[in-house]
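Colleague: Could you take me closely through one part of this model? I would like the strand pairing and the ring contacts around it, in short steps.

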Amino acid sequence: MSLFNHGGCTGAGGAGAEGMFCRVINVQIKDEMYFRATEYHLGLLKAKLAKYRAQLLEPSKSSAAKGEGFDVMKSGDARVALIGFPSVGKSTFLSLMTSTASEAASYEFTTLTCIPGVIEYKGANIQLLDLPGIIEGAAQGKGRGRQVIAVARTADVVIMMLDATKGEVQRALLEKELESVGIRLNKSKPNIYFKPKKGGGISFNSTVTLTQCSEKLVQLILHEYKIFNAEVLFREDCSPDEFIDVIVGNRVYMPCLYVYNKIDQISMEEVDRLARRPHSVVISCGMKLNLDYLLEKLWEYLALTCIYTKKRGQRPDFTDAIILRKGASVEHVCHRIHRSLASQFKYALVWGTSTKYSPQRVGLTHMMEHEDVIQIVKK
């Protein structure tokens, strides 16, 4: 006898094994429908939450006092923001790494304003900003937290100074504060193409199989932001939160080093555990332990490249390097030397690891590598 001759699985009818099978199928269908409905509902709630949080964190024009920010001129080849809770060793670290003396004491909130210093490393001048300690609720403006986070958004790398004796509590709280104001640590920008249009409705496409988002969920999120005409293309499997970040468009994606200070006060087993965590470095400012390794990791996260220049018939000038981002081309070197040099460029001779033989004659599109030497020939 066929199972579906009993009216299918639409009711609780049917006896024995067949009836039990129908009831199981009905439960599974209901569970799947409930899961999908919950998924859409959660996506919609996330969109609402992100929108209301942005409105809440936006300072009102009437209450904003003038001159409260940390106006620090950007200088050097890169900028590093040093953030953390009070009394974790930020000022001591600044004094050790730079020639700038920042007041350090055993009580909290020793530093009340932004103190800049310069780290000289591998020919580069790296600006290090010692920011006041932030507290829980900094994103809402507590303890001048809004100004601290605003400066952190302008940095190339964030060093999050943590007290190794406090476990993971400080790290989780700081990540939450930065996440709430649109700073995404150690994450890459979602590979989603999004372009609002004037008409034509919502055009949705994806080049990969999506497991976290669907076309219906994308439409619901867009409608929540009052967007009814747009072109959306997913090039990777992204979550609803990542899609919301793309819509908002003011997120900052930056590398972060989690630096655990005061390792001389914890056990070796705990030091080993913290050191093995991703993006983490363990140091002791009091005993000057592991500071050289921290500088190496900082250089790696900044992704800087030293390029040396050479004049015809002379030796390379190794005293004055040109500092560029990793992946820079010969054209970038020309622009750094002088803005009109690229238009007068004929060819260049390059010595170093980026060439097959030394010297190699190259054009503007040749990609430079660390410690390459270049000689530019003009027309």
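Modeller: What follows starts at one strand and works outward through its neighbours and the aromatic contacts. Bear in mind that this is a predicted model.

Start with strand β3, residues 124-130. Of its 7 residues, 6 are buried, so the strand is largely enclosed by the rest of the structure. β3 has pairing partners on record here in two senses. With strand β1 (residues 78-84) the pairing is parallel, over 5 bridges. Val80 has Leu128 of β3 as its bridge partner. With β2 the pairing is antiparallel, and 7 bridges join the two strands. There, Tyr121 is bridged to Ala124 of β3.

The link between β2 and β3 is a hairpin with 2 residues between the strands. Lys122 sits in that turn and has a positive phi of about 55 degrees. As background, side chains in a regular strand alternate between the two faces of the sheet.

Now follow Tyr121 outward. The structure holds 5 aromatic pairs. In one of them, the ring centres of Tyr121 and Trp299 are 5.9 Å apart and the planes meet at 70 degrees, so the pair is edge-to-face. Tyr121 belongs to strand β2 (residues 115-121) and Trp299 to helix α8 (residues 291-302), so this contact ties together parts 178 residues apart in sequence. Both Tyr121 and Trp299 are buried.

Tyr308 and Phe318 make another edge-to-face pair, with 5.0 Å centre to centre and 70 degrees between the planes. Tyr308 lies in strand β12 (residues 304-309) and Phe318 in strand β13 (residues 317-325), so here the parts tied together are 10 residues apart in sequence. Tyr308 has 12% relative accessibility; buried means under 20%, so Tyr308 counts as buried.

Rings also gather in a group. Phe194, Phe204, Phe234 and Phe243 form one aromatic cluster. Phe243 leads to helix α6, residues 240-248. Its buried residues are Pro240, Phe243, Ile244, Asp245, Val246 and Ile247. After α6 comes Gly249, with a positive phi near 80 degrees. As background for reading such a list, an α-helix has 3.6 residues a turn, so residues three or four places apart point the same way.

Two charges complete the ring contacts covered here. The charged end of Arg171 sits over the ring of Tyr258, 3.6 Å from its centre. The charged end of Arg361 sits over the ring of Tyr347, at 3.8 Å from the ring centre.

Technical notes: Residues are numbered from 1 along each chain as its sequence is written. Side-chain values use heavy atoms; hydrogens and water are left out. Buried means under 20% relative accessible area, exposed over 50%, partly exposed in between (1.4 Å probe, protein chains only). Helices (H or I, at least four residues) and strands (E, at least two) are DSSP runs, numbered from the N terminus. Rings of Phe, Tyr and Trp (its six-membered ring) pair if their centres lie within 6.5 Å; planes under 30 degrees apart count as stacked, over 60 as edge-to-face and the rest as tilted. A charge sits over a ring if NZ of Lys or CZ of Arg is within 6 Å of the ring centre and within 35 degrees of the ring normal. Two strands pair if DSSP finds at least two bridges between them.
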